[in-house]
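Student: Could we go through this structure together? I would like to learn how each label is earned.

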Amino acid sequence: MNKEDLIAMGLTEEQAKKVMDSLDGSYVKKTRFNKINKESKTLKKSLSDRDKQLENLKKPTAIMPRYSSRLPICRSRMSNSRRHMMKSWQS
């Protein structure tokens, strides 16, 4: 929007000048505002989704859920192997 647009809408030259002076270059077209606002919302949603994914990845079983039931078995086997190795070294 410029001064001529304001005059075309029925404002006087003086009124149009006051409006433009008060905007001081800070006017943003509605279409531009809507575009940036939509991008902002999309980026915030993406950031939120990424944060949730990161939190899930911090959980040890989140990476491979199908193996989570096998973890206790593997730990037990590792412990037994460790004990067996310690006994054989001590002999």
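Student: How many helices and strands are there in the protein chain?

Tutor: This is a predicted model, and its protein chain has 4 helices and 0 strands. Along the sequence, the pattern reads α-α-α-α.

Student: What share of the residues counts as buried?

Tutor: Buried means under 20% relative accessible area, and 2% of the 91 residues in the protein chain count as buried. The chain exposes about 8,500 Å², with carbon and sulfur atoms supplying 58% of that area.

Student: Why is Glu-4 called exposed?

Tutor: A residue is exposed when its relative accessible area is over 50%. Glu-4 has 54%, so Glu-4 is exposed. You will find Glu-4 in helix H1, which covers residues 3-8. The C-alpha atom of Glu-4 is separated by 9.7 Å from that of Lys-17, 13 residues apart along the chain.

Student: What makes the pair Lys-3 and Glu-13 a salt bridge?

Tutor: The rule asks for a side-chain nitrogen of Lys or Arg within 4 Å of a carboxyl oxygen of Asp or Glu. For Lys-3 and Glu-13, the closest N and O atoms are 2.5 Å apart, and the pair forms a salt bridge. Lys-3 belongs to helix H1 and Glu-13 to helix H2, so this salt bridge ties together parts that are 10 residues apart in sequence.

Student: Why do Lys-3 and Glu-13 count as partly exposed?

Tutor: Partly exposed is the class between under 20% and over 50%. Lys-3 has a relative accessible area of 25%, so Lys-3 is partly exposed. Glu-13 is at 47%, so the label is partly exposed here too.

Student: How do you know that Lys-45 and Asp-49 meet in a salt bridge?

Tutor: The cut-off is within 4 Å, and the N to O distance between their side chains is 3.1 Å, so the pair passes. Both residues lie in helix H3, 4 residues apart, which is about one turn of the helix.

Student: Which of the labels, exposed or partly exposed, goes to Lys-45 and which to Asp-49?

Tutor: Lys-45 has 52%, so Lys-45 is exposed. Asp-49 has 29%, so Asp-49 counts as partly exposed.

Student: What makes Asp-51 and Arg-50 a salt bridge?

Tutor: Their closest N and O atoms are 2.5 Å apart, and the rule asks for within 4 Å. Asp-51 is partly exposed because its relative accessibility is 34%. Arg-50 is partly exposed as well, because its relative accessible area is 41%.

Student: How many salt bridges does the count come to?

Tutor: The count comes to 5 salt bridges. Among them are Lys-3 with Glu-13 and Lys-45 with Asp-49.

Student: Which residues make the nonpolar surface patch?

Tutor: Met-1, Met-9 and Tyr-27 make a nonpolar surface patch of about 320 Å².

Student: Why can Tyr-27 be part of such a patch?

Tutor: Patch residues need over 30% relative accessible area. Tyr-27 has 37%, so Tyr-27 passes that cut-off and counts as partly exposed. Look for Tyr-27 in the loop between helix H2 (13-23) and helix H3 (30-58).

Key. Residues numbered from 1 in each chain as written. Predicted model: local features only at pLDDT ≥ 70, side-chain atom pairs only at ≥ 80, totals over all residues. Heavy atoms only, no water. Helix = DSSP H or I, 4+ residues; strand = E, 2+ residues; numbered from the N terminus. Buried < 20%, exposed > 50% of the residue type's maximum accessible area, 1.4 Å probe, protein only. Areas by Shrake-Rupley, 256 points an atom, 1.4 Å probe, with all protein chains shown as cover. Patch = residues over 30% accessible without salt bridge, like charges linked within 9 Å, V, L, I, M, F, W, Y side chains within 5 Å.
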